[in-house]
Amino acid sequence: MDRNAIDEKYKWDLTQIFKSTEEFEECYKKAETLIEDFKKYENIMGENAKKFYETINTYYEISRVLDKLYTYTSLLSDTDTSNNTYQSLKIKVSNLLDKWSKASFFITPTILKKEYPEIEKYYEEEPKLKDYEIILKREFRYKEHTLSDEEEKLLSNLTKMLNNNYQTYELLKDSDLTFGTILDEAQKEVVLTESNYSIYIESKDRRVRKDAFKTLYQTYKQFINSFASTLSGNINENITIAKIKKYNSTIEWCLYHDELDETIYTNLINTVSNNMNILYKYYSLKKEILNLDELHLYDIYTPIVKDFNKDYPYEEAKETVLKALSILGEDYISTLTKGLENNWVDVYPSPSKRTGGYSGGSYDTAPYILLNYQEKYNDMSTLAHEAGHSMHSYYTRKNNSYQYGDYSIFVAEVASTTNEILLAKYLLKTSNNKEEKLFILDNLMNLFKATIYRQTMFAEFEQAIYKDAENDIPLTADYLSEKYYTLNQKYFGSDVVIEKEIQYEWARIPHFYYNFYVYKYATGLSAACHIANDILSGKENAVENYKSFLKCGSKKNPIDSLKLAGVDLTKKEVVESAINMFNDTIDEFKNLTEE
């Protein structure tokens, strides 16, 4: 639909942020002046407690204004990416943020030039500084890993140059590779690309799946030495920076921001490794449902339920989501209902609107949701997912001052995935449609397989190659491919035929350049399953404890914030809760197909 034809109640009302362009411009000019005036603090911040507090407090006041400006222009531009006026406003604010970054560069260096006992004395001289105590303590964690001003400047300049490995990888993968052609189900020749590969690897025609698989990886094989060069270059750069910054290992450096240590990472890998039988059970079920003598790697993405075409109109989906989440209590539902009725959500696709879905907003705006709703189950599930993000943001901002009104990316997917699970469980309990139930169960099984097991396999691969690189083992193409193939043997087991071509799949995965990030998908889903289990089983105080987590913001580190919800990711039981739910889902699917 043309955007003008969409009812206003299904679109964001951004006048809630700025009533007019004039009001936006007034705020923008105010921010410009504040940034210019802020430069004076560079030379006076460290003079005494009062100036120290004033600098930090002013820093957050300006950041808050800029967040609001950026949110407004981002949301505006996403409604119509072809609108040059909107794009110009966004660029204008981005340039202002760049000026702000340069004007405020001195904050952390000035803080870290002091010793913490001096800061404690400042608390006595200026009690209002205690409002920033948690932030200051976190800054001082980096003191032993901070170089001199000149060394930091030199390293910063070098880092800009070092990022070329990932850029080269992206260009090679997305622009330079050509995969040739295959014959589709109608025997028509089609060009294979990374974009359409997912279509053909899920084809009902086994010959098409096999051809797509073989063709794709033969191309990666031709360029595998180049991919090995970019990945090993990226890894060795990170190892060097971690050493320069005086970390004991690269993984310690990468986990340090979230105040984590490697035990979280190894607990995930060890727990999943000790429960491979559940994944093998899933592949055995898939082989049985597909009626195959042998299950090959090119078979594993084939859907095992027939097409399910039920429509879920938005108003109906909204009510279903609210019913599914009603278990979270009246205040949760009343707030979410009010938001859904008052333009939190931009619902329908329109020409030049940004694709996909997300939850956004800032401390001084609603937690807006972008959808491109097309009435399928996955669209309704996305609504529940993004509502989880938005309610997490709402509770966090409502219960914390600006400097603590956000949460770590480590826990970002917990609330959203909890909502997805609660929706699926609600529909499985209330639906009388067997095909709908099978479809939902299949979705859940795919979620567990892809997130708990596949992401953990990636995490294990990443951990292994970094440790070997730190021990000066060259990361050649042969080494990387052999290591990756061995892990595939472990994660697919003896009942799946593992084609040799899969050894080159590591070259397709951009997450290996994100530096120990993928494990967060698995820990996030594990935490969500544990929380959902506690809530659905009626465990005492489960809902209240979960809301305590939602309200925590960044006052606690991610691990301690999850403990408020009864989740301790240092324990194997949390990961096992997700694996047990996977196992129960397999059994439920199998029993339903046999009815």
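1. In this predicted model, the contact between two helices is a convenient place to begin: Tyr377, Met380, Ser381, Ala384, His385, Ala387, Gly388, His389 and His392 of α17 meet a set of residues in α18 that includes Ala412, Glu413, Ala415, Ser416, Thr417, Asn419, Glu420, Leu423, Ala424 and Leu427. The axes of helix α17 (residues 377-398) and helix α18 (residues 412-430) come within 7 Å and cross at roughly 135°, and for that reason α17 is classed as oblique to α18. The crossing in which α17 passes α18 is right-handed.

2. A second helix pair is formed by α19 (residues 434-470) and α24 (residues 572-594), whose axes come within 9 Å and cross at roughly 150°. Angles over 145 degrees count as roughly antiparallel, and α19 and α24 are therefore described in that way relative to each other. Here α19 passes α24 in a left-handed crossing. On the α19 side the contact includes Leu438, Leu441, Leu444, Met445, Phe448 and Ile452, together with charged residues, among them Lys434, Lys437, Asp442 and Lys449, while the α24 side includes Ile579, Met581, Phe582, Ile586, Phe589 and Leu592, as well as Glu588.

3. Turning to the aromatic side chains, the count comes to 56 aromatic pairs. One of them joins Phe38 and Tyr41, whose ring centres are 5.3 Å apart and whose planes stand at 50°, so the pair is tilted. Phe38 counts as buried because its relative accessibility is 1%, and Tyr41, with a relative accessible area of 6%, is buried as well.

4. Tyr546 and Phe549, by contrast, form a stacked pair, with 6.3 Å from centre to centre and 25° between the planes. Both residues lie in helix α22 (residues 542-552), where they are three residues apart, about one turn of the helix. Tyr546 is buried at a relative accessible area of 1%, and Phe549 also counts as buried, at 2% relative accessibility.

5. Aromatic residues also gather into a cluster, which is made up of Tyr166, Tyr169, Phe179, Phe213, Tyr217, Tyr220, Phe227, Tyr298, Tyr513, Tyr514, Tyr517 and Tyr521. A reader with the structure open may wish to locate these residues together, since their numbers run from Tyr166 to Tyr521 along the sequence.

6. Finally, there are lysines placed over aromatic rings. The charged end of Lys68 sits over the ring of Phe18, at 5.0 Å from its centre, and Lys500 lies over the face of Tyr485, at 4.1 Å from the centre of that ring.

Methods: Residues are numbered from 1 along each chain as its sequence is written. This is a predicted model: local features need pLDDT of at least 70, side-chain atom pairs count only at pLDDT 80 or more; totals for chains, interfaces and linings use all residues. Side-chain values use heavy atoms; hydrogens and water are left out. Rings of Phe, Tyr and Trp (its six-membered ring) pair if their centres lie within 6.5 Å; planes under 30 degrees apart count as stacked, over 60 as edge-to-face and the rest as tilted. Buried means under 20% relative accessible area, exposed over 50%, partly exposed in between (1.4 Å probe, protein chains only). Helices (H or I, at least four residues) and strands (E, at least two) are DSSP runs, numbered from the N terminus. A charge sits over a ring if NZ of Lys or CZ of Arg is within 6 Å of the ring centre and within 35 degrees of the ring normal. Axes are lines fitted to C-alpha atoms, for helices over the stretch in contact, and angles run from 0 to 180 degrees between N-to-C directions. Angles under 35 degrees count as roughly parallel, over 145 as roughly antiparallel, 65 to 115 as roughly perpendicular and the rest as oblique. A crossing is left-handed if the near helix is turned anticlockwise from the far one by less than a right angle, and right-handed if clockwise. Contact means heavy atoms within 4.5 Å.
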